[in-house]
Amino acid sequence: MAILTEQEAKAILQKVLSYSKADECEVNIGSSDGGNIRYARNAVSTSSGVTQSSLVVSSAYGKKLGVATINDFDDASLEKVVRRSEELAQLAPENPEYVSILGPQEYAAPSRTYIEATAAINPKFRTDAVSDSLQVSKDNNLIAAGYLENSAGYSAMMNSKGLFAYNTATNINFNLTLRTQDGKGSGYASKGYNDVSKLDVKSLTGIAAKKATGSVDAKALEPGKYTVILEPTAAIVLLETMFFNMDGRSADEGRSFMSKAGGGTRLGEKLVDERVTIYSDPWNPDLPTSAWADDGRPQEKITWVDKGVMKNLFYSRYWAQKQGVKAVPQPDAIIMEGGAQPLEDLIKSTEKGILVTRLWYIREVDPQTVLQTGLTRDGTFYIENGEIKYPVKNFRFNESPVIMLNNIEALGIPERTVSGESGMHVLIPPMKIRDFTFSSLSDAV
């Protein structure tokens, strides 16, 4: 299905609502069109085009809610999915936390989430990009496995109280792993953008190649506390665990690091280094996102941490109403301010330390301190007197991002990065951290 214009989407949504007999009805529609190419062992393994569309109807009778989904948009199918959602609502038990749907909302002019050049990507573009990547791999006598995916789509919602929202977006993501022929060295790279012109597949493959060839014959270091430099790809999978725990209800109920002993939250407290400022901004030109959240609430520029002080939590509409606070939606992306130094300068300023290029297999140990565990991989290096001296064996770590952000020695220039855990797009700096805890060694490459 082609991307519907705002008026075309509105017309279908109005038709769906005209069939509704429920007390309240909300309809979401969207589609995406794109493709992907996958390669492994230096050869393409799959290539495909993917088109998806769906329409979701939510019908409510009082506090009883039913939801039905369909991907056929003829009149008979549209009426059928409405009837089905109403039948399910009548069968459902009452939801004591159901909140009535929103009325009309005002949204600021949308950010530039849709880029024509990205929407125009075709199979030849993907094939040429992978060809460039494979050539770098072969030139360095390495073995490549990677994935390139692009999409263009729209989303819209309308409800029986008069709310209407619409947005279009494009996206391209690329990630790859390069291994040495003997399997002793590994390198990784990953980037994602709305604008394809910002993606340089050949350069990213070169970065991964350098890590792969440089990580052969890694030496074992004793576990312990080290000064580390976390590349953004490594830092984000820890930073996001703190951010995802900034839920107002969890804090109020004593279940998160934002809970205050004896009740209440730690809003207004300085919990991390004063150099830490984290915010979200749907209109940031380097990280544009939708102007509205999934439930129709307007997104806005919000500062979550200001110079180390916790400023905001996100709240569901139900919990915000119960607590008498503003209902703040969780944003699609986060931005962390940094410094003016490139990664290379952070390395040069380090007398002894470890460069961590990637963290993975992240698991929560303690939600109230946000303590996480996981492993380094794909290139970990020992730094001495401002130079990378040799590769080191991978570690298991045990660390809390809250503690980590209290042990900052320096922050570099922020760059756009994709989380290898959640897929979230962020704009964050490389980080130089003291006393990072490595608890044991890992034989993984």
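**Exercise 1. Which residue in S20 does Arg416 stand opposite?**

Start with the two strands. This is a predicted model, and in it S19 and S20 pair in the antiparallel sense over four bridges. Now look across from Arg416: standing opposite in S20 is Leu427. Next, follow the chain round the hairpin, where six residues sit between the strands. One of the hairpin's residues, Gly423, takes a positive phi near 85°.

**Exercise 2. Find Ser419 and work out whether Ser419 is buried or exposed.**

Begin with the location: Ser419 is in the loop between strand S19 (415-418) and strand S20 (425-428). Then check the relative accessible area, which is 5% for Ser419. The cut-off for buried is under 20%, so Ser419 counts as buried. Finally, list the contacts. Skipping neighbours within four places in sequence, Ser419 touches Ile236, Val237, Glu240 and Met424.

**Exercise 3. Take helix H6 and check what its length should be.**

Step one: H6 covers residues 232-244, which makes 13 residues. Step two: at 1.5 Å a residue, the helix should span 18 Å. Step three: compare that with the end C-alpha atoms, which are 17 Å apart, so the two values agree. The helix does have a kink, though, of about 25° and centred on Leu238.

How many of the residues of H6 are buried? Go along the helix and you get 12 of 13, so mostly covered is a fair description. Among the buried ones are Ile236, Val237 and Glu240, and these three also turned up as contacts of Ser419.

**Exercise 4. Put the strands of the open sheet in order and pick out its edges.**

Six strands make up this sheet, and reading across you get S10-S9-S8-S11-S20-S19, with mixed pairing. For the edges, look for strands that pair on one side only: those are strand S10 (309-310) and S19. Now zoom in on the S10 end. Strand S9 (residues 302-306) runs antiparallel to S10, and two bridges join them. For one bridge, start at Val305 and cross to S10, where the partner is Met310.

**Exercise 5. Search the whole structure for cavities and say what lines the largest.**

Set the threshold at 30 Å³ or more, and two cavities come up. The largest holds about 50 Å³ of space. To see the lining of that largest cavity, look for residues including Ser280, Asp281, Pro282 and Leu287. Further along the chain, Gln299, Pro331, Asp332 and Ala333 are also part of the lining.

How values were computed. Residues numbered from 1 in each chain as written. Predicted model: local features only at pLDDT ≥ 70, side-chain atom pairs only at ≥ 80, totals over all residues. Heavy atoms only, no water. Buried < 20%, exposed > 50% of the residue type's maximum accessible area, 1.4 Å probe, protein only. Contact = heavy atoms within 4.5 Å. Pairing = 2+ DSSP bridges. Expected span 1.5 Å × (residues − 1). Bend = angle between axes of the 7 residues up to and from the residue. 1 Å grid on protein atoms, 1.4 Å probe; cavity = no way out; pocket = protein on both sides within 12 Å on 5 of 7 lines; lining within 4 Å. Points joined across faces, edges and corners; volume = space filled by probe spheres on them.
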